[in-house]
Amino acid sequence: MKNEEIIYTDGHGVKITREKFYTEKQAYNLDGITNVNLQRIPASKVPGVVLFLLGFLGILLGSMEMFADVSYTTEEAIYLIDSNMLSIGVGVVLIFGGILWMIVAKDKYAVEIRTAEGEKRPIVSKSREYVAHIAGSLKKAYYRYVKKEKVETVIVS
């Protein structure tokens with residue numbers, strides 16, 4: 001194995017050299033990459049919306065008194081559970097849970113590369129800074145070592 005000049009490494013399997021871009025799963029030749037971008041992947045709001053709608057439905061059904069009261073007897077006492085109030089309470093909790101989910105859900109960020117095989121996202125993370133640093137280093141390596149060689153090849157020909 002030849003000794004390659006390392007331009008960037010995160011110490012966890014991602015490494016950029018003059019000739020290759022290494023991820024934990026695959027290695028890409030820099031001269032095979034035609035474009036590098038930082039891509040934002042929006043967080044899914046669907047679970048939050050579903051919780052919100054279920055909560056609204058629970059409040060609506062409880063307000064319309066759609067459920068019968070449940071009672072059961074033990075030796076000491078008779079317990080009565082108001083199912084409609086329980087439905088409203090669960091609905092309120094679900095609505096707050098849905099709102100919280102939509103607020104807390106975080107976007108993901110990806111290094112997107114275009115090769116002859118198509119677009120790929122070899123690095124995906126919730127940390128924008130981490131992904132931006134890798135994308136920046138990859139662009140530097142690409143324009144410093146690959147683009148220059150392609151331009152010189154065209155000029156010499």
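**Helix H2 and the aromatic pairs**

User: What makes Met85, Val93, Phe96, Leu100, Ile103 and Val104 of H2 count as exposed?

Analyst: These residues are exposed, on the other side of H2 from its buried ones, where exposed means over 50% relative accessible area, buried under 20% and partly exposed in between (1.4 Å probe, protein chains only). This is a predicted model, in which local features need pLDDT of at least 70, side-chain atom pairs count only at pLDDT 80 or more, and totals for chains, interfaces and linings use all residues. Residues are numbered from 1 along each chain as its sequence is written, and side-chain values use heavy atoms, with hydrogens and water left out.

User: How do you know that the buried residues of H2 line one face of the helix?

Analyst: Ser83, Asn84, Ser87, Gly91, Ile95 and Gly98 are buried in H2. Seen down the helix axis, the buried residues fall within an arc of 115° (taken from the directions from the axis to the C-beta atoms), so they line one face.

User: Why is the pair of tyrosine 142 and tyrosine 143 called edge-to-face?

Analyst: Rings of Phe, Tyr and Trp (its six-membered ring) pair if their centres lie within 6.5 Å, and planes under 30 degrees apart count as stacked, over 60 as edge-to-face and the rest as tilted. Here the centres are 5.1 Å apart and the planes stand at 80°, so the pair is edge-to-face. By contrast, phenylalanine 21 and tyrosine 28 are stacked, at 6.0 Å centre to centre and 25° between the planes.

User: Is tyrosine 142 buried or exposed?

Analyst: Tyrosine 142 has 5% relative accessibility and therefore counts as buried.

Terms used:
Helix = DSSP H or I, 4+ residues; strand = E, 2+ residues; numbered from the N terminus.
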